[in-house]
Amino acid sequence: MQFLLFADRAVRSPESAAGFTKRLSHASGRDWLVGDWDDDECVRASNGAFTVVLLGTVGGTASELQAWLDSQGRSPDFTTIYRTIAGAYFTLVTTAAGAVQAFGTLSSFRRLSYSTDPELPVASNSLRLLIGVLRPRLREGLVPLALVAPRAPWPLGDSSYWTDIENVLPTHQLRSDGSGPFRVEQRWSLPHGHVPQSEITPALTAALHDAVEARARNGRSSLSSDLSGGMDSTSLAFFAREHVDDLTTMHLGISVEMNDDAAWADAAALSLQSNHIRVSHEDLPKWFAGWHASEERFAAEPEPSIRTEGMHRAMAERLHDAGSTIHLAGSGGDELFYPDEAVLPGLRREAPSALYGAIRGMATLHRWPMGQTIRAAMNTTDAAKWLVQETAKLGTTEFERPSPAWDVPFSLSPWATDAARSSVQRLVLEHAAGRHLDAAFATDAVAYGMITRNGQIHRALDEQTREVGVRYEAPFLDDAVIDLALQVRLVDRLNTQRFKPGLAAAARGVVPEPFLNRRSKGDYISLIYAAFNERRRDIAAQLDEFHLVKRGLLDTQSLRTYLLSMQPQAQHFFPFEFLLATERWLRSADQTIVMSER
């Protein structure tokens with residue numbers, strides 16, 4: 001699915017749009033939407049004053065969308081449509097006067113990018129497509145940000161690396177009055193208060209049913225689902241079982257004695273009576289299989305899916321052969337239902353009587369020193385001060401735990417040069433300070449930050465698995481699910497005696513109790529070691545040709561030492577992954593720029 005969105009003004013249609021088969025017009029007759037999408041991905045309604053199109057995975061019919069529009073009166077609030085119609089879709093609106101309103105999803109799984117050129121107001125869900133239309137240059141000053149893992153702080157983590165192009169933040173929307181230009185406005189914010197789990201559970205259960213049903217509707221009564229054996233994927237599989245006639249489940253097997261995922265997955269598959277497919281990691285491409293590629297498809301931005309994309313594509317091929325067209329993943333469950341230490345200061349404010357038990361429970365569960373856990377709970381650092389402190393520590397990869405954060409904890413690659421470090425520090429302090437997420441509670445900001453990272457990963461994986469005929473979807477990343485889960489009060493989210501109590505409450509009655517009571521969690525670190533050991537000598541041999549090196553951003557000697565060491569530090573695997581993604585992106589982007597200039 002890809003499209004271009006135009007403001008209501010006369011512009012010459014780009015050459016790249018010539019092959020598109022789908023066109024929708026403004027009331028003026030000028031092009032509004034031009035692209036390619038499946039018929040079941042487009043739902044449309046109009047009342048004369050407004051025309052709204054939902055594009056993507058839509059859990060509603062045209063008549064249901066029309067009923068919603070008719071109920072809204074003269075000033076429809078399109079930003080709340082997700083409360084009525086489930087799914088993961090773009091909301092695209094044009095009026096009789098030619099005004100435009102457009103936005104994606106809160107997770108950034110559906111994301112819009114747009115031209116900042118006032119003479120060419122065009123937007124797209126495909127950054128690669130927009131680059132082909134505008135032929136921009138790289139914003140070299142922002143390239144060092146790509147070495148920040150897992151992402152730069154808000155809002156820098158969603159920046160475009162290209163001149164004349166910006167990405168719409170997932171909390172924002174694109175608007176245009178008449179002929180343009182585009183402007184960006186906020187459409188959603190994190191909750192400033194919480195309510196008991198009991199008040200949210202019925203709506204959350206319904207939202208999960210609706211999210212899965214939206215995929216079943218589009219999957220033609222057949223779905224496939226991850227079944228790792230963990231609580232997230234297992235819960236989704238049982239929800240899916242209630243909405244499809246034919247359920248296929250897939251388990252990625254790993255030969256580690258301490259990993260009991262396979263036994264749990266087999267038990268769940270038996271209870272589900274699903275068509276259960278077991279694949280061994282030994283029969284799939286190893287992680288980082290495509291790190292060395294330089295292709296146009298990788299030229300838009302670093303793709304955080306680089307670690308597992310080859311494996312996921314091969315699994316999608318197996319699923320397609322089994323008849324699946326839409327596959328469900330459990331991503332987002334950890335972030336929404338399993339809070340980290342950032343919950344403790346908020347708990348001190350919201351439910352002080354529960355704080356001691358939470359401190360003792362988290363310290364025991366995670367083997368944290370008690371004194372350090374108490375200090376974390378007493379932390380009063382605000383978002384602005386936290387950002388300054390973390391920026392000063394850039395380059396450190398040995399994080400102290402517990403250490404409450406106000407955004408996704410971030411660090412610069414340990415192999416970045418001093419010049420790269422200075423550039424990132426300056427960019428963060430200039431562009432992120434004072435613009436952090438508007439959050440009353442740090443734990444909400446951290447959870448939401450990681451949700452948007454998951455959305456980026458799934459956006460990349462979905463683009464790749466669609467090439468073999470399978471959509472890659474994550475119902476936990478739907479707007480309604482995110483919105484509800486983050487409204488739950490902290491004392492109900494954290495239960496050191498029960499795993500993910502919020503999800504367990506929503507899934508009770510759908511998922512058999514034994515699967516909600518599992519206490520263990522599988523570990524897949526051995527796959528990273530295997531992939532690292534297979535690739536590291538080849539990578540070391542090519543370091544001098546890295547485009548990062550040519551830009552003065554990478555210390556080859558320190559990275560070569562790490563790659564060839566007998567005992568590589570495991571905490572460096574994470575930044576290593578982002579370094580490879582950045583290098584592949586730069587190779588591809590530089591090649592694309594050269595080709596466009598010929």
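A nonpolar patch, as the word is used here, joins nonpolar side chains within 5 Å of one another, taken from residues with over 30% relative accessible area and no salt bridge. Keep that in mind for the first stop, and remember that you're looking at a predicted model.

**Stop 1: a patch on the surface.** Select Met370, Ile374 and Met378, which make a nonpolar surface patch of about 240 Å². Met370 sits in helix α10, residues 370-377. With a relative accessible area of 34%, Met370 is partly exposed.

**Stop 2: inside helix α8.** Now pick residues 343-350, which are helix α8. Which parts of the model do its buried residues pack against? Val343, Leu344, Pro345, Gly346 and Leu347 are the buried ones, and the partners are α9 (355-366), α10, α13 (442-465) and α15 (490-493).

**Stop 3: a link between α13 and α15.** Stay with those last two helices and show the side chains of Arg493 and Asp444. They meet in a salt bridge, 3.0 Å being the figure for another pair further on and 2.9 Å, N to O, the one here. Arg493 belongs to α15 and Asp444 to α13, so the pair links distant parts of the chain, 49 residues apart. Are these two residues buried or exposed? Arg493 is buried at 8% relative accessible area, and Asp444 is buried too, at 0%.

**Stop 4: two helices side by side.** Select α11 (residues 383-392) and α12 (residues 418-431), whose axes lie 10 Å apart at an angle of about 170 degrees. That angle makes α11 roughly antiparallel to α12. To see where they touch, show Leu387, Val388, Thr391 and Ala392 in α11, which meet Gln425, Val428 and Leu429 in α12.

While you're on α12, add Glu430 and Arg426, which form a salt bridge with their closest N and O atoms 3.6 Å apart. Both lie in this helix, four residues apart, about one turn. Glu430 is exposed at 51%, while Arg426 is partly exposed at 38%.

**Stop 5: more charged pairs.** Next, go to Arg183 and Asp177, whose side chains meet in a salt bridge of 3.0 Å, N to O. Arg183 is partly exposed, at 32%, and Asp177 is exposed, at 52%. How many salt bridges does the structure hold? The count is 48. For a whole network of them, select Asp38, Asp40, Glu41, Arg110, Arg215, Asp462, Arg466, Arg471, Glu473 and Asp478.

**Last stop: a loop.** Finish at Pro121, in the loop between β8 (113-115) and β9 (122-124). Pro121 counts as buried, at 2% relative accessibility. Add Ala7 to the view: it is 114 residues from Pro121 in sequence, yet the two are 5.7 Å apart in space, C-alpha to C-alpha.

Key:
Residues numbered from 1 in each chain as written. Predicted model: local features only at pLDDT ≥ 70, side-chain atom pairs only at ≥ 80, totals over all residues. Heavy atoms only, no water. Patch = residues over 30% accessible without salt bridge, like charges linked within 9 Å, V, L, I, M, F, W, Y side chains within 5 Å. Areas by Shrake-Rupley, 256 points an atom, 1.4 Å probe, with all protein chains shown as cover. Salt bridge = Lys/Arg side-chain N within 4 Å of Asp/Glu carboxyl O. Buried < 20%, exposed > 50% of the residue type's maximum accessible area, 1.4 Å probe, protein only. Axes fitted to C-alpha atoms, helices over the stretch in contact; angles between N-to-C directions. Parallel < 35°, antiparallel > 145°, perpendicular 65-115°, else oblique. Contact = heavy atoms within 4.5 Å.
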